[in-house]
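Work through the following exercises with the sequence and the model side by side. Each task is followed by a solution that proceeds step by step.

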Amino acid sequence: QLVKSFIFAESGGTQQSLEAHYYGSLDLLDIFTRSFIHPGMENVYAVLADYGHGKSHFAVELMNYFEKPFGSTENDMVLDRIKLALPNRLDYAAEFKNFKKEKDRFLVLTLSGDSGKSIKEMLHASLQHMIEVHQGTKDFNLNLWNNDAIEFLEKNKNDQVTVDFLANELHTDIPTLIADIQVNRDSAWNDFVKVFTKTTGMGPTSAGSLNPQQVINKLVEDFIGEDKPFSGLVIIFDEFSQFIRTYSYRRLDADLGILLMAAQENKRKVLMILLGHNDPDQVAKVYARNNETALQDISKDLTRIEKKLNLYSLVESIMDSFLANQHNQWNRLFKQDNLIRGAFKNEITEYSWKLYENRYKYELNWEYQDFQETVVIGCFPLHPTTTGLLANLKMVSEVTDDARSLLRFVSQVYQTKKEQDITDGPRVNWVYPVELVDFFGFKLGMQHFNLFNYAKTQLPTMLGDNATDKHIDLLKALLLQHLD
């Protein structure tokens, strides 16, 4: 369901107030696919997105695009969503399909920075999942020490020296240590070395902790390339900002730089995507500010991120993609009705363009034609002023900048309008801005909404039987005028 509901979008332009360019999800996918083709392309990216802008949803889409085989139900869904977002650029949509058809399957490892686990632990869990899911990797041998360690502990579970040492010196027991070893917990190797040395009088000979660089290189050597099961390795590290936050003050391990370096050294074979809400360098500066050594170490690791990209969910582009099936109908109408074509090119378009000129002309660097195509035509049945208001609304905290809430409104009004004619007599059958009040209510601002409700209750007293819905619409319009 998540795959079917994702809405791809292109960039809306460059915001002059920011140094970094904001990319739509289609722009990012294009960059990621090209990293497997073009020499010299970066392959370690940090993708930053504000809360509610679809970062984790995008991660699911990436997993299904890269991991699922060409022709599978999941991959077909992703390609259909791409095609839906590009109704007038089918040649561009075909590039994503052709890439997938040629490259087919990719090996995907997922890490989650909000798990509280170290990189070794996350990598170990992801590798176990990989072996379970992909038949071609079932014989992958990491040369892990885990099985040997568990076998040793089970053989010595009744050895009093071993039991007493674990209890008195390490404050644990054999079942607990085995459980830690099974998930490759960071402390498990060190504890095992101590108890093995105490019991046998010598250190273990097994290769100890998981080495991220060795793992990545071995995956590439065994599985990536011509005549091998996969065309590339994609590592998706979600909630990376949270990981840096935890890493900064807990110092989980020293493997971040090693992991990033391993990816960086395997260009055109490995792609690493670090998804987070905040710039990792800034997060480190905040949470490691009292530990200069830690900050230097983390900052050095983060220099291996080759490019930072901002995922920008431009409301207008998302709604344009969501309502894309209306475009052909509009094109037919324009050819048939000169009156409507003139209205679009004159009063309606020009009024809304001037009303939101700061956003479209100066912030997004749009041309007038961009506004016509994306907002006026692309977002029908929304009136251009309705679209502008949706993009500029400053609502209460629980829905601020939440594209999903805005899309629920668009979906609701679209379901109402889709069976209706585009024109209602001489008028275009728009969704006017006043309908925002009915849908969002107090979320537009409790104070102003309460005043609106009070004024509405006073209409019968002031106007008696002369009060109509048009008077209520006027009050709604007054409420919308007070929005920031």
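**Exercise 1.** How many helices and strands are there in the protein chain?

*Solution.* The model is a predicted one, in which local features need pLDDT of at least 70 and side-chain atom pairs count only at pLDDT 80 or more, while totals for chains, interfaces and linings use all residues. Residues are numbered from 1 along each chain as its sequence is written, and side-chain values use heavy atoms, with hydrogens and water left out. Helices (H or I, at least four residues) and strands (E, at least two) are taken as DSSP runs and numbered from the N terminus. On this basis the protein chain has 25 helices and eight strands.

**Exercise 2.** Describe how the chain is buried and how its contacts are spread along the sequence.

*Solution.* Begin with burial, where buried means under 20% relative accessible area, exposed over 50%, and partly exposed in between (1.4 Å probe, protein chains only). Of the 484 residues in the protein chain, 49% are buried. Next take contacts, meaning heavy atoms within 4.5 Å: among those between residues at least 6 apart in sequence, 73% join residues at least 24 apart.

**Exercise 3.** Classify the ring pair of phenylalanine 449 and phenylalanine 452, and place both residues in the fold.

*Solution.* A pair of aromatic rings is described by the distance of the centres and the angle of the planes. Rings of Phe, Tyr and Trp (its six-membered ring) pair if their centres lie within 6.5 Å, and planes under 30 degrees apart count as stacked, over 60 as edge-to-face and the rest as tilted. The structure holds 24 such aromatic pairs. For phenylalanine 449 and phenylalanine 452 the centres are 5.8 Å apart and the planes stand at 35°, so this pair is tilted. Both residues belong to helix H24 (residues 446-463), where a spacing of three residues separates them by about one helical turn. Phenylalanine 449 is buried at 16% relative accessibility, and phenylalanine 452 is buried at 6%.

**Exercise 4.** Which residues do ring pairs link into a cluster, and which charged end sits over the ring of tyrosine 65?

*Solution.* The cluster consists of Phe36, Tyr65, Phe66, Phe99 and Phe106. A charge sits over a ring if NZ of Lys or CZ of Arg is within 6 Å of the ring centre and within 35 degrees of the ring normal. The charged end of lysine 100 occupies such a position over tyrosine 65, 5.9 Å from the ring centre.

**Exercise 5.** Compare the settings of salt bridges formed by aspartate 30 and by lysine 120.

*Solution.* A salt bridge is a side-chain nitrogen of Lys or Arg within 4 Å of a carboxyl oxygen of Asp or Glu, and the count by this rule is 13. Aspartate 30 is bridged to arginine 34, with the closest N and O atoms 3.1 Å apart. These two residues are four apart in helix H2 (residues 25-34), about one helical turn; aspartate 30 is buried at 17% relative accessibility, whereas arginine 34 is partly exposed at 28%.

The side chains of lysine 120 and aspartate 255 meet at 2.4 Å, N to O. Lysine 120 lies in helix H6 (residues 119-133) and aspartate 255 in the loop between helix H12 (240-250) and helix H13 (256-264), so this bridge ties together parts that are 135 residues apart in sequence. Lysine 120 and aspartate 255 are both buried.
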